[in-house]
Structures are given as structure tokens and as C-alpha cells.
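Work through the exercises below with the model open. Each task is followed by its solution.

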Protein chains: 2
Amino acid sequence: MNRRKRVRRVAADAAGPRKADTMPDAKKALILFSPSGKRGRFPVGTPVLAAARELGVDIDSICGGRARCGRCQVEPLEGTFAREGMVSSPAHLGELTEVEQQCVRSGQLMAGNRLSCQARLLGDVRIDVPPGSQLHRQVVRKEYEVHPVELDPVIRLYFTQVAEPDLQFPDGDLQRLLQALERDWGLTGLELGLGVLKSLQAALRQGNWQVTVAVRDERRIVAIWPGFEDHVYGAAVDVGSTTIAVHLCDLSSGEVLASAGAMNPQIRYGEDLMSRVSYAMLNREGAGQMTSAVRSAINDLLVSVIAQAGIDSGHVLELTLVGNPVMHHLLLGLDPAPLGSAPFALATDQALEIGAVELGMQLAAGARAYILPCIAGHVGADTAAVMLAEKPWELDEISLIIDVGTNAEIVLGNRQRLLAASSPTGPAFEGAQISAGQRAAPGAIERVRIDPQTLEPRFRLVGGSCWSDEPGFAEEMQGQTVTGICGSGIIEAIASMYLAGIVRADGVIDGALAQRNPRITATGRTFSYLLHDGEPAVRITQTDIRAIQLAKAALYAGAQLLMERLGVDKVDRIRLAGAFGSRIDVRYAMVLGLIPDCDLAKVSSANNAAGTGARIALLNRASRKEIEQRVLEVEKVETAAEKKFQDYFVAAMGIPHASHAFPRLSEIMPLPDSPADGSSKGHKRR
Amino acid sequence: MNRRKRVRRVAADAAGPRKADTMPDAKKALILFSPSGKRGRFPVGTPVLAAARELGVDIDSICGGRARCGRCQVEPLEGTFAREGMVSSPAHLGELTEVEQQCVRSGQLMAGNRLSCQARLLGDVRIDVPPGSQLHRQVVRKEYEVHPVELDPVIRLYFTQVAEPDLQFPDGDLQRLLQALERDWGLTGLELGLGVLKSLQAALRQGNWQVTVAVRDERRIVAIWPGFEDHVYGAAVDVGSTTIAVHLCDLSSGEVLASAGAMNPQIRYGEDLMSRVSYAMLNREGAGQMTSAVRSAINDLLVSVIAQAGIDSGHVLELTLVGNPVMHHLLLGLDPAPLGSAPFALATDQALEIGAVELGMQLAAGARAYILPCIAGHVGADTAAVMLAEKPWELDEISLIIDVGTNAEIVLGNRQRLLAASSPTGPAFEGAQISAGQRAAPGAIERVRIDPQTLEPRFRLVGGSCWSDEPGFAEEMQGQTVTGICGSGIIEAIASMYLAGIVRADGVIDGALAQRNPRITATGRTFSYLLHDGEPAVRITQTDIRAIQLAKAALYAGAQLLMERLGVDKVDRIRLAGAFGSRIDVRYAMVLGLIPDCDLAKVSSANNAAGTGARIALLNRASRKEIEQRVLEVEKVETAAEKKFQDYFVAAMGIPHASHAFPRLSEIMPLPDSPADGSSKGHKRR
């Protein structure tokens, strides 16, 4: 006998649709679902879940109508609905079944609600499907709300009852499982790896032939557990050159259960990307060392979030990972050397889906990893993730999205057209190559104001709330000393020096002011400004200002190049992504000429958009196809190959540079919390 | 720019077809290919390879018309072909090109032949495609020829030139490779694993952007090598409970380059299958130990055949593996315990395709393993391989195929219908549970004759050519002592004892004969026959005879059960597979009643059919689909669940049993090389 024909139908009574066409309407009852508005007439006795499936109403279920998962609970409404011509009553669903009474007692079922797999239609009824019972519900993103995400993870759980082995029909355990999944859930063509297959025999026998199966993309079995299970998790991993962040999510709710971050241990092989690439080129095992280091750090973070959330690591079945091209290559064990010089060839620019074990992740055998696509040699999967978080293609307004790191990745465009480029800003914005520069960490100056009268500064540290001239400052320090100045601090310091007249439009420190305030001192032929006298002293030197001028000119020139390509001379909105983008005060950025002209109210932080994008890819499978397609379509502009970039770059060196942005300075001044309020206008007029 | 549109066509001139429809026939030339008989008119100047592709003529090529591989050589014929209305001349292909002249000098191109990628049509020509230039050529199986195998391995090689990276178009290395493979070879939708991706960057750069790619099933890239490569290998692995055999094949020629065999190291955990299953059940790490042991033994054998053949292990990209269900499960790391008792549930009965690395094989990252499907809990992938080697479904004759091991797997049927079962013979046929039994190894008695007059025996040892009563015997022994008796020796010993009248039809040794020959002695209440007096002595005891009676009755009953199911009372041919099947003298098997009635000329050894089946699956990809389908269709009969099996079993205990086979004894006697010739008839009449 051909066993493929022996697929029997059970549980059809509970979950399967009944044909509604063969009965007179008199023996049928009307059911109306909200919020979908879907409705239909079904034979008396039809389970609510069966009616919902027939009508295509989105109701969740893991157990397939076996009253195990409680996911399918609905609220029957009481009342006369004139427009729909119906009198609805919860009584039209009959008494609570025994199973439902147990669920009410155990708190699994809310009083007044019914399990739609248990309740049967006896008369007309209007049913509300609460968000928690919808399979594809929207996940509200608490922070920095831009786009709600529809929860539709790549993994779904299916509970099923597998036929016991039979001497007469020697179908394997796997074949009987596949038959059950087809019978109960209509799943066909499923595949699985050897690692998952190995867990099948024990799961079936421990679960007494009942198992819960995790299926990825309706195509691949990624876990098999004995009995009923209703939780599956995933983690979004943002591999930055400086820090790595991991967010553990419940794939059934979309909720972030735990987050953890750590320094990228590759830092010991090189602070910035190019030094890591050169370490890989100069040391035979260099790339391998960095690959092991980053994988081990991610593993540690996974252990940490799993422990924080108190979940079973065997239920973490999906990872999404993002990173710039060098991080991407080192994570995957690909050679980063070609990324170190023109033409900056990526090994691959496509999204990858691989076993998590291939990345050295100590997760369940079936766990998979999805790595977002890279865009170009300097524009990585992190930028793809930023794009996915920001979705500039959904707007008519032209968005300029800037992710500032070692390079600045720039995305420009709208519904019609999108461009992307990377500008070689160097790491100055991250505090590197700055005399007293450092990463944004406790002890780093991140806010600076300078009194234009006295030329005296005040500042605030990372994580602090008091200014240095306020009484609470020393107390807040608690023994912490000032250790340096971070990227956003440098921006504000130079902008404030400019607003106070200490720095001229060409970026030169005005040595004549040394007479007015001893903070301005000569160092060789140039001058510097002493921001903080301590151990170490924090000075803003002429070299620092030059480094920032180069960086901001590169950023501005990149944006200008894309704008010219797109044929616009202004943008409608600017989004600043990344750590620097979230700390920077956009008014100062505009004073310095980092970003092009834009309504200040339309300039905002996109915060950790790369991490958000990774999370979206984790929770919504369609978003993966979407970003893969957008990455193909986005026009890649290579600044190094564009002559105009050099012209724009040179033109953008001044502070503030000679552009249409300059006249608007009057609007953004006075700076409300700055002592420079009155004088800035005077400065402008000068 | 959407890079997916930038697939450029190069090399089209050499290899691509030219449209033949736009020119008057006058400017076209006729080309006729043999042996296919395909013909067509093509514009003057068309390369022969392009014409062949257009016509669907099977000509091999790895380099895609770049005159690198020499695979496409053809022979232009001279002469007038009246029936085809053409005068063919090699001159109609013009002079040898410079590249071809080089190939002739290097011996790569036979004098008179042409490279079809280089030669162009100038006039009418008839072209012979020699077998060596055909992609799908038949592999002649030297030994035990039954079915020729069409060479169509799952892996093919493609040489290609990849575009260099370009600053303006940031396509990744992989994307440019995929573009080249689509452009040159029409391959689309290819995928690859991370391990192979890791080799891409170096291969492209070392090969100066020329690479050879191994593609599996036109779907998956499994290797990328710099420059031009034209060899790819695979190995067929037969995992027996006693021995493991590995055959290394050249996938481009089908040739077996090297073979190696070794004892299955699992023997240290249990001699037979059931003792290994019980070891796995009684020891927590037992199954894991046996999995490691067998994988390590296969690895060692692979190292050995690779060294023998002197090839690069990185070019071994495909394995096929067969084994009985317990071997299958232990190899894969699945729990064999459920196979130890009814209902003998397999974890899976489908064929598996997995990374060779998942089986712990130390091969190239992209190497894959194909494990043939199991049929039932006692009928494994080895039987599937036997079926594939024998193809009983291609015959109208009814075949009975028996693979004797610990159990006897039996396949019965023809074109219309196929049945399979396993009979619980126990390991007696392998020499186990026999007082002086041993595996077939040097020192084991494998042939026995007994003089019916004197009752004196003579025997021959495994590997020997002299009988024990011949003068050369002692010399041949060279210090080797007689160590025991193997399965085929036992069969002949008992059959000879029966023919000499020492054993009665009920299997009892006739104690009265002790008076005629002192070799017959009493042991307690029963008697035994001393075959060899030495250290150790080799006796055939009453218990030994009972064990063989049980085993042969089980085998016969299994065959009878299947015959009854199929509705036949005789079979047209019998094939005996496996080591026992290849050593056994079928006449003695028939005397004992091991096998049902059949024309003796139609009883033959299928030798190592399981290994042959594994090799077929290695060399011909369609054979995999075929055996997967046949395994689904074959009717599985579980002897343990059939009441009739018990009846047949009891009825088959006698020697020779009371069946229609018995009358034919007169035909198979006299045994030509037996001194019992004359007497056997007497015995029969008795």
C-alpha cells in the first residue's frame, strides 16, 4: 500500500470548516466577526474557529482546536445590531464546555470569553477577536514610534497528534509526523536538518505521540518538542564596530524580553575598522581571531539575555544580524581585506540565511540566522536595517537618513527613488583622532556651552544631568573624573567656540582672544582652547577642529552629492541614526554645517535604527523580502568615484559654510538653554 | 541601476547558438551528428558546439567553449552519404586553429579530431561524437553485468570568467559569479553554504577572476576552485554490520579509482545487530560511541582511497551511503532502540541529503552525502541499493532477490508488482551460533564434500584453491591453521551430510553410522560429525544443524509468504546478494531447501549488490528519484505479523522439505566436482 495515501483526517470536527452551502438558511446561524467585519451563515453546531477559518478571519491557534493553547479566545457580544439585522447573545454559543470551565478556573480564559475551538454556533452572534488572539497583530514600538510592525515571525508553532508506529505500516516516525502536520495544518513539503531529526524519536515517545513543532517559513521544521509548547524566541543582534547589542524577543508577542550590550572584543585588534582590516591582512590568523572573538561575544550576550528572561535556550530559534561590511565579513568568517581598498569588493551583497550553529552559536540545532543584505562595500547590513526601520520609501517627503560611525552612511529619497552612499568622515565624530577624544562613556564631556562674554565654558558628562557650573555637579561625579570628550561634545565645543567668536568661519582659533581669557593658549604656531583643566586636561586644539572640519565636510559633501543626483536642493526631513545621532544636539550640528538645510522641527534622532531594523526583520518575515528588494533597487553612489564630491568637500570646509543653510541661523538662535542667546545674533551680523 | 539587469553576454560567439532562421539556405551548411542522427542547417561560420547545443546533441564541455577542457572533441567524417544527400569532408571545418594545434601537440586532441568549440561550419559535414565526448555516456559495469548505468552524476563542473569588481557597481563577488554562470551556462537560482562562500574570495583572486565551479543538481554550488579544473570525485559507502566498503569514483568517467574495506569497529560493542541495539539501550553513551566509531572508520577508508588514487581530497564532493536500518540509524546518530522491538519504528524511511560534515566526514566544506531510503524497520537502505542494482521492475520475469545477512531481506516481483520482507534467519548463515562457526576469513572452511561410501570429508578454505585431500593443500596453507567454518561451509557440510545419508530428512544425525566411521560420535543424547580434527576441532553438531534448519526455514518461509501474496508458486529467477550469496554453491542451497524451486541456470549471485546500488546512486542522479519512488511503491510485508509465516516456517524445517523443489534434485545431481556423484542418486532413491 502506498503510505502517502494514508493521510487520515482527525480533529476535523473541531477545526475543519463545514460546508455551509448544503443547508437551508433556516438551519444556519449568522456569525459576524469584529474588527474584521467578516460574516457568514453556518450550520448550527459549527465551531466558531471553523467558521473563522472558512471566512479567513485571523484567529491564532497552536493546538489546532484541541483546547490546549488558549490562543483562540474570543468575546461574544450581547445586543441588537440593527444595521447588521441581528440580535447577538453569548447564549447563542451555548454553555461553557468542561474544558473551557477548567480554563476559566486556571485563569487562561477570561470570564465572558470563549475558546473559539470549543464554542459552537447555536444562533446569531457577533464575535470580537481581541488583538491577543490575532495571529498577525501589530506590535506597538514603544520608543521613537515611526512604523508599527505587524507581528508575523518566520517561525510558527503547531501542536499535533502523531499516529503510533504500526507493524503493518512501516512508515518512519518522520513520515507519520509529516502526515499529521498535513492532516491537521495543511503543511506540505516540509524539510528538516539532521540535528532536528535527531530530536524526533525522543520527543514523540516522551510526548506520548503528541508534539509541538516549530516550522520556519512554512517550509522547514526547526524544533520538535514533546507535548504542548507555546513559546518561541528570537534575538536581534546589532554588531557594531564598538559595541554589540542583543535584544531577545518573544516571537509570539513581539515583546523584547531582555537586552544586553558589550564592547566588541575585536577592539583589541584595532580601534577602528581600517585597523582591523589591516590586522587581518598582516596576521595570518588575524581574521580568524576576530571572527572567533565576535562570535564568542555574541554567544555570551545570548546567554545573558536568556538568563535575564529566564527562558529555555532550546526555544531560541531565530537570529537576525546586522553590521557594517567589515563586521559582516568578520562575523561570517569572510576575508575583510578586499574591503580595505578600492574597489571595496564585498564577498556577497545578498541576505544570507544559515544555521546558527554555522556562526558558532550555541543554540538549538535547528536555530537559524538571517543576516541582512549589504548594499555596497562601505554601506552594510546595518544601513539596510536603518532603511528597514525608517522606510523612506513609504513617504512622499524626501528623507535624508544619516548613520554616523567611522564612515557616515547616507540614504536619500522617497517613494519614487532612493540613493545611498558612504562618506569617508573618518572616526573623528566618534572621538577618535581628537586630542582628548574618547568614546561616549562615563567621564566623557558630551555637552558644551561657552559664555560669549567671558569665554568661560560649562559642560555636562555622559550620563550626568548637571552642568559643570551647577552645585550638584561634584556630587553627581561621585569620584568620577573627567576623562575626555566624546563626539557630540566635540561638535558642541567647536560650535560654541564659533558662536563665542573663538573660532573663525575658516576654522582657525582666534589667537588674539588669548588676551581676554587664558584658556586660549598658543601651541607652536596655532592656538588651543582649554575646556577642562584636570588630569587629563581637555583642550580643543586647532588640529581637532581641522579633523572635525574634514569629517563634517565629508558628511555634508556626501549629502550634497546625493541631493544633486536626486535633483533637489533641500530635503524635507533629516533622521540621524546611531549613538552619535541620538546624542547630538541638532542645532549645533546645523551651526557647524554637518547637515544640509532643513526645518529644524523636521530633524530628529532615529536612535538605534539599525537595531530596530534587525528587530523588525526578526518579527516580520515579509520585511526581509522587502529590504532585500529595496537594497537591489537603491542607487548606490560611490563618493570616491565622483569628481563632484571633491568640489563639494572643499566648499564645505568652512564654519558655517557658504550655503543656503546659513541664513536660517537667525531662526535657530537664540539657543534657549545657552548663555550665548543674545550674542549669537551679533556674531552672525559680524 | 538595478544590477540584476546588467547580465552581459560574452563568449556567446564561441558557445551560444546562432539563429538559423534568418538566412537563405544557400548561405547555410548542413551538419549531421552521429550516433544521435540529429541534423540541421546553420549559417556558415557557426561553431560546431553551438550547432550541437541548438540541436540538443549531447556534447560535454566544462570550459564553455574556451578551448580549455578538451571535452568537446569530435570526429569529422569523410565521404558521400547518399541517403542524407550530403558530401562530408573534414575540410568543411577549415584548418585546425592555433589552439587546436597546441592540443594536438600536447596529446589532448587526437589527430583527425576537432574541438567542437573551435571548428566552424564552412560546408556540409557529418560529425561523429565519440562516447568520451558525450556528457551522458553509459558506464560499462565490468563485473556481474546486469544494467549499464548512464553516467549523469549529480555534480557538474562549469568554468567561467567573472567580471572584476567595479567601484561604480558594488556587486559582491558572489553576485558577479552568479551573473557569469547565468551568462555562460544559463544557470539560475543557485545557492551555496557559508563554507563554500568562504572559499570564493581567494578562488576568484588566485584564478585571476577565472574559476571552476562545481554545481550539484543545477541548484547548489558545492565547490569553487581558481582557474580551470576538470576532475570531481565521489565515494560509494556500504556500511555493513561486519564490514565497511568504500569505492572512490571519478564522477566524470564513472571509473572506480580505488576501493578499500575494513571491519566495522562497532563489532567491539556487539557482534550482531541486536547486541549493538541492546548495547545502545544499556549504555547512556552507547549509541554515540558506535556513531563515532563508524564515522571514524569511514573517514579512515576515505583517506585511504584518496591516497591510493593520488587525488586531492578537496575534489571529493559527493558520498552515497547504504546500510541496514540499525547501521543507518547509528551512522546518522539516530537512536536504534526502537528498531530492537516491535513495531520496529524507523526514525525516517526517506532518503536523506545532508552535508558530509554533518556526518563528521573530513571532506571539502561543500561535500554532500546522500543516504538511500530505508524500506521498513528490518529492510534498510542496503536493500534499497540491492533493488537499484537489480532493477526487478524492468523485467517481466519474476525475480526473487535475497540478501542474506543477520536477517534475510527478500524482494519479490517484476514490472507489475514488487514486495519486500525481512525474514528472521538469525546470524547462523554468517557462521554465528554455530559451534565452530566464524566469519568468512582465512582459515575458515567454505567448501565441503563427503564421500557417501567412506563418509570421509574433504574441504577447501576461504581464499584457497586446493581441496584438503589434494597434494597442494599443505603448501597452500603456509602455516595457516583451520580456524573454523563459515556460513557457506556449514551449508555445504550439512547438505553433503544429507547427501551421504549422515543426516536424515528431519535433520537428525543418524547415530547408527557411528559404527561405519568414527567421525560420527555421540555427545550426550545427540551425535556430531567431525569435519576436521585439529586445534580447534571442527565438528558439525546436532545443535548446529538445528540452527541452520531454523535459519533456512525462516528464509524459505519468507520467500513463500511473498510468493503467496504475489499469487505465484514459482519464481523465474533467483539472485543471491551479499557476501554469503556470492560464496554459496546454489546447488547445495537447493538441496538444503534454502530457496524455492527455480531453474538452476536462473539462480545466480548478485555479488555485492548493495555496494553496486550505492555506486549507481553516485553516478546517476535520476536513479535516486527512481529508488525513492520504488521504495514508496514496494509492498512491505512484515513476517512477524503474518500467521501464515509460522505455518510455512514449521513446514520448511525438513531437509529437503516436502515441496516441488524436491523432484528436481535428480536434475541437479550428479554434482560434477563431487565424489558423491554416483551415490547421490542412490541416496535420493532411498
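**Exercise 1.** In this predicted model, list what I224(B) is in contact with, leaving aside its neighbours within four places in sequence.

*Solution.* Step 1: take heavy atoms within 4.5 Å as the cut-off. Step 2: with those neighbours set aside, the contacts of I224(B) include L177(B), L192(B), V196(B), S199(B) and L200(B). Step 3: A203(B), V211(B), T212(B) and V213(B) complete the list for I224(B).

**Exercise 2.** Place I224(B) in the largest nonpolar core and find which helix gives the most to this core.

*Solution.* Step 1: the largest nonpolar core has 120 residues. Step 2: I224(B) is one of the residues that touch the most other members, along with I221(B), I298(A) and L359(A). Step 3: the helix that gives the most to this core is α7 of chain A, residues 286-309, with 10 residues. Step 4: another core, of 119 residues, lies apart from it, with V326(B), A367(B), V411(B) and I616(B) among its members.

**Exercise 3.** Describe the contact between chain B and chain A by area, residues and polar pairs.

*Solution.* Step 1: chain B and chain A bury about 4100 Å² between them, and carbon and sulfur atoms give 55% of this area. Step 2: on the chain B side, the most area is lost by L167(B), L194(B) and Q201(B), together 17% of what that side buries. Step 3: the contact takes 52 residues from each of chain A and chain B. Step 4: the rule finds 0 salt bridges across this interface, but 16 residue pairs in polar contact. Step 5: α5(B) gives the most to the side of chain B that touches chain A, with 7 residues. Step 6: that side divides into 26 nonpolar, 11 polar and 15 charged residues.

How values were computed. Residues numbered from 1 in each chain as written. Chains lettered and ligands numbered in written order. Predicted model: local features only at pLDDT ≥ 70, side-chain atom pairs only at ≥ 80, totals over all residues. Heavy atoms only, no water. Buried area = accessible area lost by both parts, 1.4 Å probe. Salt bridge = Lys/Arg side-chain N within 4 Å of Asp/Glu carboxyl O. Polar contact = N/O pair within 3.5 Å; in protein donor to acceptor, adjacent residues only side chain to side chain. Helix = DSSP H or I, 4+ residues; strand = E, 2+ residues; numbered from the N terminus. Nonpolar A, V, L, I, M, F, W, Y, C, P; charged D, E, K, R; others polar. Core = buried A, V, L, I, M, F, W, Y, C linked by side-chain atoms within 4.5 Å. Buried < 20%, exposed > 50% of the residue type's maximum accessible area, 1.4 Å probe, protein only.
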